[in-house]
Amino acid sequence: MESLAGKSRQLFQVDGPALVEQAENPRALNMIMLGVLAGLSLVPFSADELWSAADSRSKPRVGGANRAAFQIGLEVGRQAASQCPAGS
């Protein structure tokens with residue numbers, strides 16, 4: 001992490017294994033991280049737009065699990081964003 005910190009204005013550390021455990025789905029990390037990205041508001045898409053795009057490409061049988069994982073990440077991202085100094 002230290003080597004990355006000097007190369008970026010912002011660096012967010014996410015405890016992926018703990019969030020996967022919270023989601024109770026070992027295959028959920030990709031949706032969790034997409035939710036984190038949406039929550040940080042660092043991309044030109046809203047959380048709803050990102051979710052809709054991901055959901056439209058998911059199999060229906062995993063939709064509920066994916067939505068739960070996305071929501072976990074979204075909350076983590078929003079919390080991290082709220083703790084950043086303004087203008088960062």
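Contacts between residues 24 or more positions apart account for 58% of the contacts in the chain with a separation of 6 or more. This figure, like those that follow, comes from a predicted model. The chain has 88 residues, of which 28% are buried. Its accessible surface comes to about 6,100 Å², and carbon and sulfur atoms hold 53% of that area. A reader tracing the chain will meet five helices and zero strands, so that the order of elements from the N terminus on is simply α-α-α-α-α.

A good place to look more closely is the pairing of helix H4, residues 47-56, with helix H5, residues 63-82. Their axes lie 11 Å apart, and the two helices pack at an angle of about 155°. Because angles over 145 degrees count as roughly antiparallel, H4 is described as roughly antiparallel to H5. The crossing of H4 with H5 is right-handed.

The residues that bring these helices together can be picked out on both sides. H4 contributes Ala47, Leu50, Trp51 and Asp55, while H5 contributes Gly63, Asn66, Arg67, Phe70, Leu74 and Arg78. Sorted by character, the residues of this contact comprise five nonpolar, two polar and three charged.

Asn66, one of the H5 residues in that contact, deserves a moment of its own. Asn66 has a relative accessible area of 11% and therefore counts as buried, the cut-off being under 20%. Leaving aside residues up to four places away in sequence, Asn66 touches Met31, Trp51 and Ser58. Among these partners, Trp51 is also one of the H4 residues that meet H5.

Two positions in the loops draw attention through their backbone angles. Most residues other than glycine have a negative phi. Glu24, however, is not a glycine and yet has a positive phi of about 55°. Glu24 is found in the loop that joins helix H2, residues 16-23, to helix H3, residues 29-40. With a relative accessible area of 73%, Glu24 is exposed.

Ser41 offers a second case, with a positive phi of about 55° although Ser41 is not a glycine. The loop that holds Ser41 runs between H3 and H4. Ser41 has a relative accessibility of 56% and so counts as exposed, since the cut-off for that class is over 50%.

Definitions and conventions:
Residues numbered from 1 in each chain as written. Predicted model: local features only at pLDDT ≥ 70, side-chain atom pairs only at ≥ 80, totals over all residues. Heavy atoms only, no water. Helix = DSSP H or I, 4+ residues; strand = E, 2+ residues; numbered from the N terminus. Buried < 20%, exposed > 50% of the residue type's maximum accessible area, 1.4 Å probe, protein only. Contact = heavy atoms within 4.5 Å. Areas by Shrake-Rupley, 256 points an atom, 1.4 Å probe, with all protein chains shown as cover. Axes fitted to C-alpha atoms, helices over the stretch in contact; angles between N-to-C directions. Parallel < 35°, antiparallel > 145°, perpendicular 65-115°, else oblique. Left-handed = near helix turned anticlockwise from the far one by under 90°. Nonpolar A, V, L, I, M, F, W, Y, C, P; charged D, E, K, R; others polar.
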